[in-house]
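Thanks for making the time this morning. I would like to walk you through one model, and I will begin with its backbone before turning to the side chains.

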Amino acid sequence: VRRGSFSAEGAPRAVVCVAWMSREKLVVGGSEGEVYFFEGTRVVRRVQPHRLPVAVLMPLPDAVLAVTSKGVCYLVREGAQQPPRRMAEIEVSSLPGAPDPRMQTPIVGGATFRRSSILLASRTYLLCLDVGGGLHQPRSCSVLLMQPSKALTTSCAHPSEPRIFTGALDGGVRCYRTDSHQPLPERSFRGSGGVTCLAVSDCPSGAGTSAWLAVGCDDSTLSILTEGSFRYVLRRCLSAAGAKLTCARFSASDPSGVHPLWLGVGTSDGCIHTFRFKQTSCASLAHSGAEAVEKIATMRGHSAEVIDIAFANELPCKHLLSVDSSGQSLAFDVPMARRLPSVSAVRDLQFSPWTSPVGWHVLGCWSPQKAVDSAALPPRRFCEVRGRGVIAATDAETARGIELFPFPCPSPPFARPLRLRGPAAPVS
């Protein structure tokens, strides 16, 4: 189609979708909601029911079903002599079974299936609309597939319930069941920015109690919520310079409630922020802010981005071990908020599960490396599988595979470690 083929009102700013109605009839959607009907190379009709970009055009025998990028569906009747009648607008988010609009991203495509279903694809969801009763009254919406629209950056597992949380740079925190591998949309929500770290605390079994969930974002915002009801108890920016929050970890929980619960958060500028909770678990929604958790200190000493934090398995909690991207490992006295002279001061303490990329526990997981100009530590991730005597580590060369080593592993194992393949991108 040539630009001169559009009507006298002018061509759209951008053509975003097209569909053939027949061999000589074409319908075109514009970036500002325009719908053009072509016969041959000439426009015979132009309508603009919306100002939103047209994401999908689905030809029907005597009409065209249009779906905007925001999920608004309507019919445009064919025929140059007919008034521009259209069906009452239906928003996909209002249908039973539709995902939370806060987690939705613009629709980018779609297709019809046997005139009884409509598939709509966004960067986050693949949706199926049931239109068996007619296009004028869709019955329901079901989620066929859910995924982040940007890179997945972090994850954490609930210590006692069969579910995990994942965070992505699109700002979404998504929950999945580990026993059925099914998403839990009702337990998913959106953060203030791109999510870069997550942590969930231990929670004693019992009715009326909930774990704490910490969400760190790339805009330096830390949010602390109750994991059961997702009620915010704290939201604070930890860096005036906007340093990215890179890792978070809770200390061991005291079931008796005598000893406080701690939270450590690392940043890209080498700082570690510590928080102390008044209660080890959330048993009441009546308290928030300083009544539930308070900021204690900002501990410094790292010259690079903090990539791992671990509290010693002790009650009361006193020691913290951290590692930055250059491979430097530091130990801190948590209540006193001071750096210890040497990491050897905590060598007899237990840190479980072990997640640090350095230390004698994982020395055998590294192959001898040649001297390189860069001082950065290779981007590997480690996680001990508690109770199995195994530690999982990403591949040292590509980080796209996972290797299983015995734990602890102070020297290279005699047998080649079991390698799990599958990830198409580096494991974060």
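Pro-408 sits in the loop that runs between strand 31, residues 402-406, and strand 32, residues 418-420, and the peptide bond leading into it from Phe-407 is cis, with omega near -5°. Please keep in mind throughout that what you are looking at is a predicted model. A cis bond also joins Ser-352 to Pro-353, here with omega near 0°, and Pro-353 belongs to the loop between strand 28, residues 338-339, and strand 29, residues 382-385. These bonds are worth pointing out because most peptide bonds are trans, just as most residues other than glycine have a negative phi.

On that second point, His-181 has a positive phi, near 60°, although it is not a glycine. His-181 is placed in the loop between strand 15 and strand 16, and with a relative accessible area of 65% it is exposed. Ala-337 likewise has a positive phi, near 55°; it lies in the loop between strand 27, residues 329-333, and strand 28, and at 32% relative accessibility it counts as partly exposed.

Let me step back to the whole chain for a moment. The protein has zero helices and 32 strands, and of its 428 residues 46% are buried. If we take the contacts between residues at least 6 apart in sequence, 43% of them join residues at least 24 apart. As for confidence, the mean pLDDT is 84, and 89% of the residues reach 70 or more. Residues 80-87, however, have a pLDDT below 50, and in the model this stretch has 18 contacts beyond near neighbours in sequence.

Now to the side chains, and to Arg-174 in particular, which lies in strand 15, residues 172-177. Is this arginine buried or exposed? Arg-174 has a relative accessible area of 0%, so it is buried, and its side chain makes a polar contact, at 2.9 Å, with the side chain of Asp-170. Beyond its neighbours within four places in sequence, Arg-174 is in contact with several residues, including Met-103, Thr-124, Phe-165 and Ser-188.

Phe-165 brings us to the aromatic residues, where the structure holds six pairs. In one of them, the ring centres of Phe-165 and Phe-230 are 6.3 Å apart and the planes stand at 75°, which is over the 60 degrees that the label requires, so the pair is edge-to-face. This pair links distant parts of the chain, since Phe-165 is in strand 14 and Phe-230 is in the loop between strand 19 and strand 20, 65 residues apart. Phe-165 is buried at 0% relative accessibility, and Phe-230 is buried too, at 17%. Together with Phe-189, these two form one aromatic cluster.

Another pair is made by Trp-366 and Phe-382, whose ring centres are 5.9 Å apart with planes at 40°, so this one is tilted. Trp-366 lies in the loop between strand 28 and strand 29, while Phe-382 is in strand 29 itself, so the pair ties together parts that are 16 residues apart in sequence. Trp-366 is buried, with a relative accessible area of 16%, and Phe-382 is buried at 5%.

Finally, two arginines sit over rings. The charged end of Arg-380 is over the ring of Trp-366, 4.7 Å from its centre, and Arg-235 lies over the face of Tyr-232, at 4.4 Å from the ring centre.

Key: Residues are numbered from 1 along each chain as its sequence is written. This is a predicted model: local features need pLDDT of at least 70, side-chain atom pairs count only at pLDDT 80 or more; totals for chains, interfaces and linings use all residues. Side-chain values use heavy atoms; hydrogens and water are left out. Helices (H or I, at least four residues) and strands (E, at least two) are DSSP runs, numbered from the N terminus. Buried means under 20% relative accessible area, exposed over 50%, partly exposed in between (1.4 Å probe, protein chains only). Contact means heavy atoms within 4.5 Å. pLDDT is the predictor's confidence in each residue, from 0 to 100. A polar contact is a pair of N or O atoms within 3.5 Å; within protein, one must be able to donate a hydrogen and the other to accept it, and residues adjacent in sequence count only if both atoms are side-chain atoms. Rings of Phe, Tyr and Trp (its six-membered ring) pair if their centres lie within 6.5 Å; planes under 30 degrees apart count as stacked, over 60 as edge-to-face and the rest as tilted. A charge sits over a ring if NZ of Lys or CZ of Arg is within 6 Å of the ring centre and within 35 degrees of the ring normal.
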